[in-house]
Amino acid sequence: DPLLPNSPYAASKASADFFARSYYKTHGLDIRITRCSNNYGPYQFPEKIIPFFVTNLIDGLKIPVYGNGANVRDWLHVDDHCRGIHAVLMHGRAGEIYNIGGGTELTNVELTRKILNLMGKNESSIEYVTDRLGHDIRYSVDITKISNELGYKPTVDWYQGLADTVDWYQRNE
């Protein structure tokens, strides 16, 4: 699909891709672009959804779910993301764009329920809030190209990766 950013944040990311690609086309620089789906795993900045929800629940706070929670995201463990970037660095073609995804699409409310379950909490901890402006309904990437050309595939089991991530934040709040 063509890049059609819905927010200034998304537009800034798309423009960076265009600038990088232009240096390949104009100056022949060995540029390889990767685009990923939503990352999760240890050490993630606590403003991101999974560590934010876990730390809120640890502190006895509600967790805010945008709109009705129907927004869909594909989840990519940071270790799989690093494997994908390494594959592109070592074997990708200059000037090409590679999508790196995790292969697990969930609505935000499905993700929320899994976190609640892992932490022994129930849905009374959810607070539905007004959706963000320009919030994508679905964000997922097609990994066919990187899989076919470079042999990439996600290897971290999503549920185990989530459980390990929740555990890490509980131990390292």
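Colleague: Why is cysteine 36 not in a bond with the closest cysteine sulfur?

Modeller: The sulfur of cysteine 36 lies 10 Å from that closest cysteine sulfur, which belongs to cysteine 82, and this is too far for a bond, because a disulfide is a pair of cysteine sulfur atoms within 2.5 Å. Cysteine 82 is likewise in no disulfide, with the sulfur of cysteine 36 as its nearest cysteine sulfur, and by this rule the count comes to zero disulfides. This is a predicted model, in which local features need pLDDT of at least 70 and side-chain atom pairs count only at pLDDT 80 or more, while totals for chains, interfaces and linings use all residues. Residues are numbered from 1 along each chain as its sequence is written, and side-chain values use heavy atoms, with hydrogens and water left out.

Colleague: Why does cysteine 36 count as partly exposed?

Modeller: Its relative accessibility is 24%, and the term partly exposed covers the range between buried, under 20% relative accessible area, and exposed, over 50% (1.4 Å probe, protein chains only). Cysteine 82, at 47% relative accessibility, therefore also counts as partly exposed.

Colleague: What makes strand 4 largely enclosed by the rest of the structure?

Modeller: Strand 4, residues 72-77, has six of its six residues buried, so it is largely enclosed; strands here are DSSP runs of E with at least two residues, and helices are runs of H or I with at least four, numbered from the N terminus. In a regular strand the side chains alternate between the two faces of the sheet. Here Val72, Asp74 and Leu76 on one side are buried, as are Arg73, Trp75 and His77 on the other, which leaves both faces covered.

Colleague: Which strands pair with strand 4, and how do you know that strand 6 pairs with it?

Modeller: Two strands pair if DSSP finds at least two bridges between them, and strand 6 (residues 104-107) is joined to strand 4 by four, running antiparallel, with tryptophan 75 opposite threonine 104. Strand 2 (residues 38-40) runs parallel to strand 4 over three bridges, and there asparagine 38 stands opposite tryptophan 75. Strand 8 (residues 138-139) also pairs with strand 4 in the parallel sense, over two bridges, where arginine 73 stands opposite tyrosine 139.

Colleague: How do the residues of the lining of the largest pocket divide?

Modeller: They comprise 21 nonpolar, twelve polar and eleven charged residues, where Ala, Val, Leu, Ile, Met, Phe, Trp, Tyr, Cys and Pro count as nonpolar, Asp, Glu, Lys and Arg as charged, and the others, Gly among them, as polar.
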